[in-house]
Amino acid sequence: MSATDPTDAVSKLCPNCGLCCNGVLFADVELRAGDDAKSLKRLGLKLQKKGQGKLAFAQPCACFDDKLCGIYADRPKRCRTFECGLLKRVQDGGLEAEAALKTIRQTKRQVEKVRVLLRQLGQNDEELAMTKRYAQVMSAPTDLSDHESDTERRGELMLAMGELMQLLQRDFLK
């Protein structure tokens, strides 16, 4: 396999994925030196202080429309420099774009499975990153005598989230 043009790989994969922007891969993104916080705020990012005076914006990103970044030309450095493992493998010729798209579709199906379970368990806040939504559900007290189906759903959620985390680690975070 030969290496793929980086721009071509981005245009094929990223609009079909978005896991780095939609709250699945990351709970927040810290700004870096040189990022213009005021300008980013004006563009729509909801910045907040995060330990030791650092600024970050929560995921899912307010500037992401489920396909594209609304501030792509002016996005923060961290967003500009991040490349998931899947994209890197396509760019360096270790994986065909079609195989990567298949992995993206599989991962997004798993994401949807987790989202459905979260909703069934009462966690409907789509403004929170998936890991935070999961943590809220799993930390809530359970009445084992009252809702057997909720207990079973929590078990299903644990398994589904575990499978999702394996996919993310294997294909996107390396």
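## Pockets, cysteines and a helix in a predicted model

The largest pocket has a volume of about 800 Å³, and of the 39 residues that line this pocket, those closest to its centre are Cys14, Cys20, Cys21, Cys79 and Phe82. The model described here is predicted, and the values below should be read with that in mind.

Several elements take part in the lining of the largest pocket, for α1 (6–13), β1 (28–30), α3 (77–81) and α4 (85–91) each supply at least two residues. The greatest contribution comes from α3, which gives four residues to that lining.

The second largest pocket has a volume of about 500 Å³, and it is lined by 27 residues, of which Asn22, Gln59, Pro60, Cys61 and Glu126 lie nearest its centre. Here the elements that give two or more residues to the lining are β3 (54–58), α5 and α6. The table sets out the make-up of the two linings by residue class.

| Pocket | Nonpolar | Polar | Charged |
|---|---|---|---|
| Largest pocket | 28 residues | four residues | seven residues |
| Second largest pocket | 15 residues | four residues | eight residues |

Cysteines appear among the residues named for the centre of each pocket, including Cys14 in the largest and Cys61 in the second largest. How many disulfides does a search of the whole structure find? The search finds zero. Cys61 is accordingly in no disulfide, and the nearest cysteine sulfur, that of Cys63, is 4.6 Å away. Why is there no bond between Cys63 and Cys61? The sulfur of Cys63 has its closest cysteine sulfur in Cys61, and at 4.6 Å the two are too far for a bond, because a disulfide requires a pair of cysteine sulfur atoms within 2.5 Å. Both cysteines are nevertheless buried: Cys61 has a relative accessible area of 12%, while Cys63 has a relative accessibility of 10%.

Helix α6, which also gives residues to the lining of the second largest pocket, spans residues 130–139 and has Met130, Arg133 and Val137 as buried residues. These three cover an arc of only 65° around the axis, and therefore they lie on the same side of α6. What do the buried residues of α6 pack against? Their partners are α5 (97–120) and α7 (148–172). Of these partners, α5 is also one of the elements that give two or more residues to the lining of the second largest pocket.

How values were computed:
Residues numbered from 1 in each chain as written. Predicted model: local features only at pLDDT ≥ 70, side-chain atom pairs only at ≥ 80, totals over all residues. Heavy atoms only, no water. Buried < 20%, exposed > 50% of the residue type's maximum accessible area, 1.4 Å probe, protein only. Arc of directions from axis to C-beta. Contact = heavy atoms within 4.5 Å. 1 Å grid on protein atoms, 1.4 Å probe; cavity = no way out; pocket = protein on both sides within 12 Å on 5 of 7 lines; lining within 4 Å. Points joined across faces, edges and corners; volume = space filled by probe spheres on them. Nonpolar A, V, L, I, M, F, W, Y, C, P; charged D, E, K, R; others polar.
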